[in-house]
Amino acid sequence: MQTSLTQFFLIAASAAVVLASCSGGDKTPSEAYKPKQVSPGHLVMNGRTNSEIIIEGVSYPRIDGGLSVPGQMVINLPDSLLPVGPVNASYVQTGDNVVDVQLPAAQEGEIAHSVSLLASFTETPAGHGMTPYLEPTGGNAVGYIQLTFDDTANGVHYKCIEAPINLKVISSEYTPTSELEYENYSMGDPSSSAGRWVQSYHITYMGVVETGRIRVVSTQAVEGHLSGYEGVIDLAGRTFTWTCDEQRVDANHDEHNNPGEPLAPY
């Protein structure tokens, strides 16, 4: 059964208090329990697995200047486990050939192109409301993602143009898949409180692509374009659904113990 965010936070906070009292004061993280927003925070976060983004209504450019019948663009992201130790989640800023992108099925009137491609990505914190020309992204946005992928078999290159891709999460649904658990990293030292509280969830994020245009460039001559072809896949305004499993760090003994320093919400 789904609960409201308020109910969820109250229940989770109560559970944290009970667990803390049962585990002993010396094993309780010094940071007070603070439920985090149900937001992806970043594209690839530690603790996130089985991560898949499906963007609806994506059209591929046709060589006659029109657009194909809309379909889905599917982006499968790499798994990233939580680091060992009493630390928060970090995030992966870049990746080479680790993102699987599936384009809408090829249709008549398009240039020859593959449907499944491997992409590299770059993410910076610039899309989180810190850069004026990328507003409004807000705290629930995954900002400034750039995808680059090549279809070498068909001589096609894809690259983000103008503003990069910004995914804005509007709502989410989640189901806990484990109890709130304390991980003890005191290494047998009874005076140490080193540890963290973790809980696992299955989460679905839903939102809209605020900005995102991908230039499609073919170096091969096609009908009506003897010197090559250029078109655009426009993702702006398209809705997306993002499903994943997450092991979240709800609190640890030191709120600054975070090697990657991701921006909140984590």
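This report describes the fold, the nonpolar cores and a few buried residues of a single chain, as seen in a predicted model.

**Overall make-up**

The chain contains 1 helix and 10 strands, and, read from the N terminus, its elements follow the order α-β-β-β-β-β-β-β-β-β-β. Of its 266 residues, 45% count as buried, while the surface that the chain exposes amounts to about 12400 Å², with carbon and sulfur atoms supplying 55% of that area. Among the contacts with a separation of 6 or more, 72% are made by residues that lie 24 or more positions apart.

**The nonpolar cores**

The largest nonpolar core comprises 40 residues, and Met 73, Tyr 158, Ile 233 and Trp 242 are those with the most contacts inside it. Strand 6, which spans residues 156-176, provides the largest share of this core, namely 7 residues. Apart from this core lies another one of 6 residues, including Met 45, Leu 82, Ala 89 and Val 198.

The surroundings of Ile 233 can be followed in the model: with neighbours within four places in sequence left aside, Ile 233 is in contact with Val 58, Ser 59, Tyr 60 and Pro 61, with Met 73, Leu 103 and Tyr 158, and with Gly 212, Arg 213, Ile 214 and Val 216. Two of these partners, Met 73 and Tyr 158, are also named with Ile 233 among the residues with the most contacts inside the core of 40 residues.

**Selected buried residues**

The table lists two cysteines and one glutamine with their relative accessible areas.

| Residue | Relative accessible area | State |
|---|---|---|
| Cys 160 | 7% | buried |
| Cys 244 | 1% | buried |
| Gln 199 | 9% | buried |

Cys 160 counts as buried because its relative accessible area of 7% is under the 20% cut-off, and Cys 244, at 1%, is likewise buried. The count of disulfides in the model comes to 0.

Gln 199 is found in strand 8, which covers residues 195-218, and with a relative accessible area of 9% this polar residue is buried as well. The side chain of Gln 199 is joined to that of Tyr 201 by a polar contact of 3.0 Å. When neighbours within four places in sequence are left aside, the contacts of Gln 199 are with Pro 176, Ser 178, Glu 179 and Leu 180, and further along the chain with Glu 246, Gln 247, Arg 248 and Asp 250. Of these partners, Pro 176 carries the number at which strand 6, residues 156-176, ends.

How values were computed. Residues numbered from 1 in each chain as written. Predicted model: local features only at pLDDT ≥ 70, side-chain atom pairs only at ≥ 80, totals over all residues. Heavy atoms only, no water. Core = buried A, V, L, I, M, F, W, Y, C linked by side-chain atoms within 4.5 Å. Buried < 20%, exposed > 50% of the residue type's maximum accessible area, 1.4 Å probe, protein only. Helix = DSSP H or I, 4+ residues; strand = E, 2+ residues; numbered from the N terminus. Contact = heavy atoms within 4.5 Å. Areas by Shrake-Rupley, 256 points an atom, 1.4 Å probe, with all protein chains shown as cover. Disulfide = S-S within 2.5 Å. Polar contact = N/O pair within 3.5 Å; in protein donor to acceptor, adjacent residues only side chain to side chain.
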